[in-house]
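Hi everyone, thanks for coming. Please have a look at the structure on the screen, and then I'll walk you through a few spots in it.

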Amino acid sequence: MSNEPKLMEAVLLAPERETIQWKQMLSLAALYGSIVIGWIAYQNYQPKLLVQFHFDDFTFLLTLAQAVILVVTPPLAGKIGDRYRFEQGHRIPVITAGISFASMVFMAVAFTLFTNPGEVFRWILPVLIVFWLIAMSIFTSPALSTMELFSPVDKLPRAMAILTIVANLIYAVEPVIVDIIDYIGAPLTFMSGGAVVFVSGLALKKNSLTLFALHEEKKDESPAAIPVEEKSSYGFIFFMGVVLGTATTVLFNLFPDLLEAKVGMLFNGWQGKIILVNILVLSALISWPVSNLVNKYGLEKSFWISFALIMASMLSIFVFQSTVVVFVMMVVFTAAFTSLSVSSLPMAIQRASFHDKVFCVGIFFSGVALPDGILETIQAF
């Protein structure tokens, strides 16, 4: 039996839009925010739980497993998401399954910590950690790929700016979130994390299905609407992910200590973490105007300019000792990082063929995860 009717339905469920669908984008931003908070909770409690349950010797293996999972799982989830796009007209089943799985793991960890089963949990813990990583990876790429359904192509940078603002502001208040997490304790943290991910995912599903339903009546239109197939730029998409991932890894892992030593004196001895918070807040504040510049100059030109500035500013910050030069390069890095954040994923979506949209988003996030995975594995070793 021909797949043409299903393919036709998939095409018509995502027609060209003239404006950003704000209800759906805000739902996606809420889900993305819950993912970021979930990662903060995971990174805060994973080392503590490993120490508490005497898994110190497994730190390297779990860090290596985390790196492999975060690099390998997104493309696999993308493949499954693309298959559902054509079988059912949308990728919601993959997103729902991943969110449900992640929420169940959150609750399982909370339950075991509440009941404190002792030696039994000692061997459940690493399994739950691996399952949690897989679950989060399964739905993240398909969920973020829905951005192309909620925004016209020429406004994708603006849509991405919304997600960038949400992520940067949450990471900026990470110390406050960590204090709250430490105050309420591990069981309530994981229970709350599961609830937040589930509710935000449910909101995205509800709003997205409503959007799809608005175009059900068009499914019998002519097959001429099916776009001409173009080959995806897999290598370039992965490269863009690696560039963004490298900048993010350097910003969060290497810059705090380096900037504290080189420019901290300009701000009355600010600690590196405070400097990082200010970079993230500034990036969030300029995300929207930067997205307008990206729209004006185009995705490709914006990406290459951002790439050149990112490389030059990072190298300068590492090499030069002049406080003034390092400060100027820090500002340049912040602007370039913001531009890279709002242009790279939309460009990855643009470079993906119609049949590989979610898979290519998975490849992009695989590239994003690679630099951090390498650095954390080396540090754990």
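Let's begin with charges. By the rule used here, the count comes to 1 salt bridge, and please keep in mind that this is a predicted model. Side chains of opposite charge can pair when their charged atoms come close. Here the partners are Glu300 and Arg351, with 3.4 Å from N to O. What does this pair tie together? Glu300 lies in helix α12 and Arg351 sits in the loop between α13 and α14, so the bridge links parts that are 51 residues apart in sequence.

Are these two buried or exposed? Glu300 has a relative accessible area of 41%, so it is partly exposed. Arg351, at 24%, counts as partly exposed too.

Now stay with helix α12, residues 299–319, and find helix α13, residues 323–350. They pack at an angle of about 145°, and their axes are 7 Å apart. The crossing of α12 past α13 is left-handed. And who makes that contact? It involves 18 nonpolar residues, 8 polar ones and 1 charged one.

Finally, let's move to the surface. There is a nonpolar patch of about 840 Å², and among its members are Met107, Phe114, Ile180 and Met191. Which elements give two or more residues to the patch? They are α4, α8 and α9. The largest share, 4 residues, comes from α8. Ile180 is placed in that helix, α8, and its relative accessibility of 48% makes it partly exposed.

That's my tour, so thank you all for listening!

Methods: Residues are numbered from 1 along each chain as its sequence is written. This is a predicted model: local features need pLDDT of at least 70, side-chain atom pairs count only at pLDDT 80 or more; totals for chains, interfaces and linings use all residues. Side-chain values use heavy atoms; hydrogens and water are left out. Axes are lines fitted to C-alpha atoms, for helices over the stretch in contact, and angles run from 0 to 180 degrees between N-to-C directions. A crossing is left-handed if the near helix is turned anticlockwise from the far one by less than a right angle, and right-handed if clockwise. Ala, Val, Leu, Ile, Met, Phe, Trp, Tyr, Cys and Pro count as nonpolar, Asp, Glu, Lys and Arg as charged, and the others, Gly among them, as polar. A salt bridge is a side-chain nitrogen of Lys or Arg within 4 Å of a carboxyl oxygen of Asp or Glu. Buried means under 20% relative accessible area, exposed over 50%, partly exposed in between (1.4 Å probe, protein chains only). Patches are made of residues with over 30% relative accessible area and no salt bridge: like charges are joined within 9 Å, nonpolar side chains (Val, Leu, Ile, Met, Phe, Trp, Tyr) within 5 Å. Accessible areas come from the Shrake-Rupley method with a 1.4 Å probe; for residues, only the protein chains shown count as cover.
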